[in-house]
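Let's take a walk through this structure together, starting with its sheet and moving on to the helices. Keep the 3D view open as you read.

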Amino acid sequence: MMFVAALTALSLAIPQQLDQIVQEGTPGVEAHANGRNFAAGNVPVNGRVRIGSITKSFVAVATLQLVADGKVELDGPVNKYVPQVKDSRVTVRQVLQHTSGLPDYTRALGVAKIGDVRNVHFEPHELLDAGLKQQPSFQPGEKYEYSNTNYVVAGLLIQKASGRPVGEAIQAVISKAGLDHTYWPNQGEQRIRGRHARAYALSDLQDPKSEVVDATEFDPSVAWASGAMVSTPADVAKFYKTLLKGGLLPAKQLDEMRRTVAVDEKSAYGLGLESTKLSCGGVSWGHGGAIHGWASLGAATDNGRSAAVTLTALPGTFGKDPARTYQQIVQVMDTALCKK
């Protein structure tokens, strides 16, 4: 009876939280918590979504598989594999942990206006060149600073070390995790396969008064290995649960993935994996993701709980306080991973 009570409490709490998010202006929100799917607003239950930077966790796993196979040296210079990075002090670990000092290409490329990037196909070297044309943000290893350029480098590293397209390496991770609804988009693929909601974005992310547009169809090459993937909340939750259980990496590489540097008082970053303190004690391990039209969180805990949530608009798209909306989805995750 205690288990039934816990399940009932969770089943009541999450729908209430999702309904509140929708009532405050977000068109739809999907969630998965410990084997159960939830939805509110104009979305299918467990539909496909763009997961943005959750992609980084998959890329980190693919890189660490190459480390385990002896094809990549984790603490060796990344320019052994990606010679465009001239500073030999920058290591593979620093790239995966955002401690490399490589500046974010999105600042130089200008991705805030969806109309400038929606129908444009970018080659990875264009993204990397845009990042490396800027001055380094700091000396390698000096501190943590999130930069999408790091994962463009990681994608190119995978291709160099494996001799195959990065998408193949990611699909191998997807297959090993047993994810049926997750994929790496084909070149130029703008539509989302299968059941999915419509997603919405400001036409200019830097102008909160700009027009809201449909962002569902979008060429994700501008994100590439830093955020191009498509999945579902259930698959994202399963991925992190499988990862923590040791289903994707040898123990040594999983331990390295969970060696962290502090981000703030509540979170720390490992190798494509972020730890977040929970209200019930302990931490979750996962990642967030944002791309035009979508905002997601996914994570799991060492005791086997797992969850993911996705909004069909970035916080702030419909005029509400973005910090409040983001905190609401953080609370959904905390409820899913803590609720008794």
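Before we start on the sheet, one term: two strands count as paired if DSSP finds at least two bridges between them. Also bear in mind that what you're looking at is a predicted model.

With that in hand, go to strand β7, at residues 261-262. Two bridges join β7 to strand β8, which covers residues 267-269, and the two run antiparallel. That meets the cut-off of at least two bridges. If you want a spot to zoom in on, find A262, which stands opposite A268 in β8.

Now step across to the next neighbour. β8 is joined by three bridges to strand β9 (residues 274-277), again running antiparallel. Here A268 turns up once more, with S275 as its bridge partner in β9. Between β8 and β9 the chain makes a hairpin with four residues between the strands, and in it G272 takes a positive phi near 70°.

Keep going and you reach strand β10, residues 283-291, which four bridges join to β9 in an antiparallel pairing. S275 is your guide here too: its bridge partner in β10 is W285. The hairpin of β9 and β10 has five residues between the strands, and there G281 takes a positive phi near 95°.

Where does all this sit in the order of the open sheet? Eight strands make it up, in the order β2-β1-β12-β11-β10-β9-β8-β7, with antiparallel pairing. The edges are β2 (36-41) and β7 (261-262), each of which pairs on one side only. So that little tour began at an edge strand, β7, and worked inward through β8 and β9 to β10.

On to the helices. Two packed helices are described by the angle between their axes and the distance between the axes. Try α2 (residues 55-68) with α9 (residues 233-244): their axes come within 11 Å and cross at roughly 35°. This crossing is left-handed. The contact brings together S57, F58 and V61 of α2 with F239, Y240 and L243 of α9. Sorted by class, those residues are five nonpolar, one polar and no charged.

α2 has another partner, α7, and the axes of these two come within 10 Å and cross at roughly 35°. Once again α2 makes a left-handed crossing, this time passing α7. On the α2 side you'll find K56, V59, A60, A62, T63 and L66, meeting Y151, A154, G155, L157, I158, A161 and S162 in α7. That contact has nine nonpolar, three polar and one charged residues.

α7, which spans residues 149-162, also packs with α6 (residues 124-132), at an angle of about 140° and with the axes 10 Å apart. Why are α6 and α7 called oblique to each other? Angles over 145 degrees count as roughly antiparallel, and about 140° falls short of that, so the pair is oblique. Their crossing is left-handed. P124, L127, L128 and G131 of α6 make the contact with T149, V152, V153 and L156 of α7. It comes out as six nonpolar, two polar and no charged residues.

Finally, zoom out. UniProt, in an unreviewed entry, places the feature "domain: Beta-lactamase-related" at residues 37-322. In the model, the end C-alpha atoms of that span lie 25 Å apart, and the span is 29% helix and 16% strand.

Technical notes. Residues are numbered from 1 along each chain as its sequence is written. This is a predicted model: local features need pLDDT of at least 70, side-chain atom pairs count only at pLDDT 80 or more; totals for chains, interfaces and linings use all residues. Side-chain values use heavy atoms; hydrogens and water are left out. UniProt positions are given in the numbering used here, feature names are shortened, and annotations may be inferred rather than shown by experiment. Axes are lines fitted to C-alpha atoms, for helices over the stretch in contact, and angles run from 0 to 180 degrees between N-to-C directions. Angles under 35 degrees count as roughly parallel, over 145 as roughly antiparallel, 65 to 115 as roughly perpendicular and the rest as oblique. A crossing is left-handed if the near helix is turned anticlockwise from the far one by less than a right angle, and right-handed if clockwise. Contact means heavy atoms within 4.5 Å. Ala, Val, Leu, Ile, Met, Phe, Trp, Tyr, Cys and Pro count as nonpolar, Asp, Glu, Lys and Arg as charged, and the others, Gly among them, as polar.
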